[in-house]
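Trainee: Could you take me through one part of this model up close? I'd like to look at the aromatic rings and then at the empty space around them.

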Amino acid sequence: MTLRIATFNAENLFRRPVVFGIQDGGKRDEVLDAFRKLVELLEKDEYTDNDKAKIIEILLAHSVDVSQEISTQTILVNEPKGRAKLLKGNGSDIQVRAEVTGRPSWVGWAELVRGDLSLEALQNTAKVIAEVNADILLTVEVEDRLTLHRFNQQVLHGQLGAPAYPFNLLIDGNDIRGIDVGILSRHPITSIRSHIFDKENPQDVFGIFSRDCPEFEIDLDGEPLWLLGNHFKSKIGGGAQKRERQGKRVAKIYQEALGRSARVVVAGDLNDTPDSVPVKFLRDAGLRDAMTHDSYEGPKGTHGTCTADEKIDYVMFSPELFAKVTKVRVETRGIAESAVRFDSVHGPQDQASDHAALFADLDL
């Protein structure tokens, strides 16, 4: 049996936070940092006067709810109808209501404003997936399972005419932005294990896997293969310590998976380079990076212009599987910055993603 396994960070399938479309990296990081601070503030049990002032400052700078002056409105506050509201006033003359004293006194949450992707971007994302034509594809940054299903049926198959995948699965992780890890497979997915917190610190639900670490068991003609899907914390706004904790924890999950099968794969967007501490935890556990295989002749990286310091996507194999690898490639033509692009990719507005798809063929 020849088996192709791939990973692809699609940067959402139908709707993407508009902040990710801001071309100025400094401004983009500023919004994401403001959003993180706002979420932290809103989760406090008690709001000090200083907390309330910071909440108003962030909302006036970025929120579609209160500001009509900013060119790109990136943050909104979502509240159930009929409930006590967070704010009073209009436009720039707003305040946190006096009766809102902290999280227990208010129901609502902050979200990143989303915008619909263009049809061209949808089709280019599907084109990458169709060109790779993997038997098992780990999808990173997908909104939810229903979105994955619709994309599979309506875009990949309906628009491009590529065969739809008979099996797909995604379980919501902890990331509040809806950038979860899912799977498309031509082989039956027989079970899933989900790691939403550190077993040593179960009270810290968001401490390790703010994006979850699902284990998918896939049936290959009666033999199980376990795929551990990951999306490590971004470097934007820091995150180094969290990535290290994620790497250490995934290495342990991998070792546990080896007790069930010698066929184990760790894949996804690890947001760090091969020489980093988080990735070293995985290498030290015995995992082998597909791009180190003798058959690989492509660019050194997987993101943006795909230079060596942009190598952040991985398909890593247990020793038994790595010995069966026959070919490794990356599909970069969906990236706007790539030297060679699909004719339908004209710029960031219609690129498939700023990540390449990475895939490997195995002779089983």
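Mentor: Sure, and one definition up front: a residue is buried under 20% relative accessible area, exposed over 50%, and partly exposed in between. Keep in mind that this is a predicted model.

Now for the rings. The structure has one aromatic pair, made by F14 and F151. Their centres are 6.0 Å apart and their planes sit at 70 degrees, which puts the pair in the edge-to-face class. F14 belongs to the loop between β1 (2-9) and β2 (15-17), while F151 is part of helix α4 (residues 145-157), so the contact ties together parts 137 residues apart in sequence. Here the definition comes in: F14 has 23% relative accessibility, so F14 is partly exposed. F151, at 1%, counts as buried.

Rings also turn up under charges. R260 lies over the face of W226, at 4.1 Å from the ring centre. K311 does something of the kind with Y314: the charged end of K311 is placed over the ring, 3.9 Å from its centre.

A word on cysteines, since you may go looking for crosslinks: there are zero disulfides in the structure. C213 is buried, with a relative accessible area of 0%, and C306 is buried as well, at 8%.

On to the empty space. The largest pocket has a volume of about 1,000 Å³. Its lining takes in 41 residues, and E11, F20, R28, H303 and D354 are the ones nearest the centre. Sorted by class, that pocket lining comes to 12 nonpolar, 13 polar and 16 charged residues. As for secondary structure, β2, α1 (25-42) and β7 (114-116) each supply at least two residues of the pocket lining. α1 gives the most, with four. You met β2 a moment ago, as one end of the loop that holds F14.

What about closed-off space? Searching the whole structure gives one cavity of 30 Å³ or more, and the largest cavity has a volume of about 30 Å³. Among the residues lining the largest cavity are F8 and V128, along with E331, T332, R333, G334 and I335. A352, S353, H355 and A356 belong to that lining too. By class, the cavity lining splits into five nonpolar, four polar and two charged residues.

Technical notes. Residues numbered from 1 in each chain as written. Predicted model: local features only at pLDDT ≥ 70, side-chain atom pairs only at ≥ 80, totals over all residues. Heavy atoms only, no water. Disulfide = S-S within 2.5 Å. Buried < 20%, exposed > 50% of the residue type's maximum accessible area, 1.4 Å probe, protein only. Phe/Tyr/Trp six-rings, centres within 6.5 Å; stacked < 30°, edge-to-face > 60°. Lys NZ or Arg CZ within 6 Å of the ring centre and 35° of its normal. 1 Å grid on protein atoms, 1.4 Å probe; cavity = no way out; pocket = protein on both sides within 12 Å on 5 of 7 lines; lining within 4 Å. Points joined across faces, edges and corners; volume = space filled by probe spheres on them. Nonpolar A, V, L, I, M, F, W, Y, C, P; charged D, E, K, R; others polar.
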